[in-house]
Amino acid sequence: MSRKDELIKLIDNNTALLPLVDEMLYLEEQLDYYRTLPKIKVHPNDLSKQKATPAAKLYKEYLQQYINIVKVLQKATGADDLEEESPLRLWMNAHVN
């Protein structure tokens, strides 16, 4: 089963979410590529001078987009409802009218 088939199965073939699946697959490919590139450029004469490369910045941006898509898909499929209520929320519900 391909990654796309796996994701389509998770969203129950919801056609409204298919563009997000395609975007997610694209971002996964890009993140794999950016992971192979150097993230820090070090000055050859002064090792204390370091600078983030464009690949590091792109990786960070793409990762944030990827995380946002995962959150949207979780919410749309109800996967985020499986979590228990936090102890704080349980206490608040028990002690506030």
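Asn 13 has a relative accessibility of 56% and therefore counts as exposed, since the cut-off for that class is over 50%. The model is a predicted one. Asn 13 sits in the loop that joins α1 and α2. Its phi is positive, near 55°, although the residue is not glycine. Asp 12 belongs to the loop between α1 and α2 as well. The phi of Asp 12 is also positive and near 55°, again in a residue other than glycine. Most residues other than glycine have a negative phi. Asp 12 reaches 67% relative accessibility, so this residue is classed as exposed.

Two further loops were examined. Thr 36 is placed in the loop between α2 and β1, the strand of residues 40-42. Thr 36 counts as exposed because its relative accessibility is 61%. Along the chain, Thr 36 and Glu 61 are 25 residues apart. In space, 16 Å separates their C-alpha atoms. Thr 53 lies in the loop between β2 and α3. Thr 53 has a relative accessibility of 10% and so counts as buried; the limit for that class is under 20%. Thr 53 is in contact with Pro 38, Lys 39, Ile 40 and Lys 41, with neighbours up to four places away in sequence left aside.

Helix α3 comes after this loop and covers residues 54-77. The helix has 24 residues. At 1.5 Å a residue, a span of 34 Å is expected, because the rule multiplies 1.5 Å by one less than the number of residues. The end C-alpha atoms of α3 are 35 Å apart, which agrees with that expectation. Gly 78 follows the helix, with a positive phi near 80°.

Residues of α3 differ in their exposure to the surroundings of the chain. Ala 55, Ala 56, Tyr 59, Tyr 62, Tyr 66, Ile 69 and Leu 73 are buried. These buried residues pack against α1, α2 and β2, the last being the strand of residues 50-52. Lys 60 is another residue of α3. Its relative accessible area is 65%, so Lys 60 is exposed. Lys 60 and Leu 31 are 29 residues apart in sequence. Their C-alpha atoms are 9.1 Å apart in space. Gln 64 is also found in α3. Gln 64 is partly exposed because its relative accessibility is 41%, a value between the limits of 20% and 50%. Gln 64 is 46 residues from Leu 18 in sequence. From C-alpha to C-alpha, these two residues are 19 Å apart.

The interior was considered next. In soluble globular proteins, nonpolar side chains tend to be buried together. In this model, the largest nonpolar core contains 15 residues. Met 24 and Leu 73 have the most contacts inside this core. Helices α2, residues 18-35, and α3 each supply at least two residues of the core. With residues up to four places away in sequence not counted, Met 24 touches Arg 3, Leu 7, Tyr 66, Ile 69, Val 70 and Leu 73. Among these partners, Tyr 66, Ile 69 and Leu 73 are buried residues of α3.

Met 24 and Leu 73 also help to line the largest pocket. The volume of this pocket is about 160 Å³. Its lining includes Leu 7, Leu 10 and Ile 11. Val 70, Gln 74, Thr 77 and Ala 79 are lining residues too. Helix α1, residues 3-10, supplies at least two residues of the lining, and so does α3. The largest share comes from α3, with four residues. By class, seven lining residues are nonpolar and two are polar. No charged residue appears in the lining.

Terms used. Residues numbered from 1 in each chain as written. Predicted model: local features only at pLDDT ≥ 70, side-chain atom pairs only at ≥ 80, totals over all residues. Heavy atoms only, no water. 1 Å grid on protein atoms, 1.4 Å probe; cavity = no way out; pocket = protein on both sides within 12 Å on 5 of 7 lines; lining within 4 Å. Points joined across faces, edges and corners; volume = space filled by probe spheres on them. Nonpolar A, V, L, I, M, F, W, Y, C, P; charged D, E, K, R; others polar. Core = buried A, V, L, I, M, F, W, Y, C linked by side-chain atoms within 4.5 Å. Buried < 20%, exposed > 50% of the residue type's maximum accessible area, 1.4 Å probe, protein only. Contact = heavy atoms within 4.5 Å.
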